[in-house]
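Me: Please take a close look at one part of this structure and explain it to someone who has not seen it before. Then show how it fits into the rest of the chain.

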Amino acid sequence: MGGLVIRQFLIAHHSLASKVRLIYLYATPTNGSEVAAVASKLSKNKQLDGMLPIEGDTYIDSVSINWTNTPELQSIPTYCSYEGYDTYGIKIVSQSSASALCAKSIQQLADHIDIVKPTSRDDPRYYVMQNRLINLVEASTPKPEVSIVVTEETYRSPEIVGWG
C-alpha cells in the first residue's frame, strides 16, 4: 500500500518529481488486489476499499490514470518487485498488479509479509535494491572530461601504436 501512497503524493505534488531519482516498489497493488475484495467483506478497515481491483475501484483507477497522464512522473525510473511465494496459501498481490506502471519488475523469493525483510546482505531482496542504488549513483556522477591531443610525435611513437 505504501507504493500507492507514494504515487498519490507525487500526483498531488508533481512539481517535486524532478527531485525523485528512483522509485522501487515492493508488492504494491497498483491494479488492486483480489484479496482486498474478500478482506473488505470481512473487515471494516476503509483502506481495503482503496485496494480493490482496478475495474471496481475509483481510487486505484484514478491513481493509475493520473500517474500515466502526468508527464513529469513518466521520467522517474520505477522498478518493482513482486512476491514469489504465497502468503498463507494465497497470492496477496498478483505479479501483473505489482508490475503495473513499472519500467522493470523482478520476482522476489518471499511472500507478501517478508518481501521487504532481507535476512542478510546476500539476500536478493537486499542486493537487488543495493545494485539499483549503486547504478543510480554511478549514472549521476559526472565523468571527468578526458582530452587527448595527438601530435606528430605521439602519432609516430611505437609505444602508443603498439609496436614497442
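Reply: Strand β1 and strand β2 (residues 78-83) pair in the parallel sense, over 4 bridges. Strands here are DSSP runs of E of at least two residues and helices are runs of H or I of at least four, both numbered from the N terminus; two strands count as paired if DSSP finds at least two bridges between them. In this pairing, Tyr-24 stands opposite Tyr-79 of β2. Strands of a sheet pair through backbone hydrogen bonds, either parallel or antiparallel.

Residues are numbered from 1 along each chain as its sequence is written. The model is a predicted one, in which local features need pLDDT of at least 70, side-chain atom pairs count only at pLDDT 80 or more, and totals for chains, interfaces and linings use all residues, while side-chain values use heavy atoms and leave out hydrogens and water.

The pair belongs to an open sheet of 3 strands, ordered β1-β2-β3, with parallel pairing. Its edge strands are β1 (23-26) and β3 (104-108), each of which pairs on one side only. From one strand to the next, the twist averages 20°, with axes taken as lines fitted to C-alpha atoms (for helices over the stretch in contact) and angles running from 0 to 180 degrees between N-to-C directions.

In β1, Ile-23 and Leu-25 point one way, while Tyr-24 and Tyr-26 point the other way. All of these residues are buried, a word used for a relative accessible area under 20%, with exposed for over 50% and partly exposed for values in between (1.4 Å probe, protein chains only).

Strand β2 also takes part in a disulfide. A search of the whole structure finds 1 such link, a disulfide being a pair of cysteine sulfur atoms within 2.5 Å. The link joins Cys-80 to Cys-102, with an S to S distance of 1.7 Å. About the S-S bond the angle is -45°, and the link of Cys-80 and Cys-102 is left-handed. Cys-80 lies in strand β2 and Cys-102 in the loop between α6 (95-99) and β3, so the pair ties together parts that are 22 residues apart in sequence. Both Cys-80 and Cys-102 are buried.

Next come the surroundings of β1. Ala-17 is placed in the loop between α1 and β1, and at 3% relative accessibility this residue counts as buried. Apart from neighbours within four places in sequence, Ala-17 is in contact with Glu-72, Leu-73 and Ile-76, where contact means heavy atoms within 4.5 Å. Ala-17 and Leu-73 are 56 residues apart in sequence, yet their C-alpha atoms are 6.0 Å apart in space.

On the other side of β1, Ala-27 lies in the loop between β1 and α2 (34-42). Ala-27 is buried, with a relative accessible area of 1%, and has a positive phi of about 50° although it is not a glycine. The C-alpha atoms of Ala-27 and Gly-2 are separated by 9.5 Å, with the two positions 25 residues apart along the chain. Gly-2 is found in helix α1 (residues 2-12) and is partly exposed, with a relative accessible area of 46%.

A positive phi, near 50°, is also found in Tyr-88, again a residue other than glycine. Tyr-88 sits in the loop between β2 and α6 and, at 78% relative accessibility, counts as exposed.

As for the whole chain, there are 8 helices and 3 strands. From the N terminus on, the elements run α-β-α-α-α-α-β-α-β-α-α. Of the 164 residues in the chain, 34% are buried. Among contacts between residues at least 6 apart in sequence, 62% join residues at least 24 apart. The accessible surface comes to about 10,700 Å², and carbon and sulfur atoms hold 57% of that area.

Confidence varies along the chain. The average pLDDT is 84, and 84% of the residues score at least 70; pLDDT is the predictor's confidence in each residue, from 0 to 100. Among the elements, α6 has the highest mean pLDDT (95) and helix α8 (residues 152-156) the lowest (51). Over residues 160-164 the pLDDT is below 50, and beyond near neighbours in sequence this stretch has 5 contacts in the model. Where pLDDT is low, the predicted coordinates should not be read in detail.

Note on methods:
Accessible areas come from the Shrake-Rupley method with a 1.4 Å probe; for residues, only the protein chains shown count as cover.
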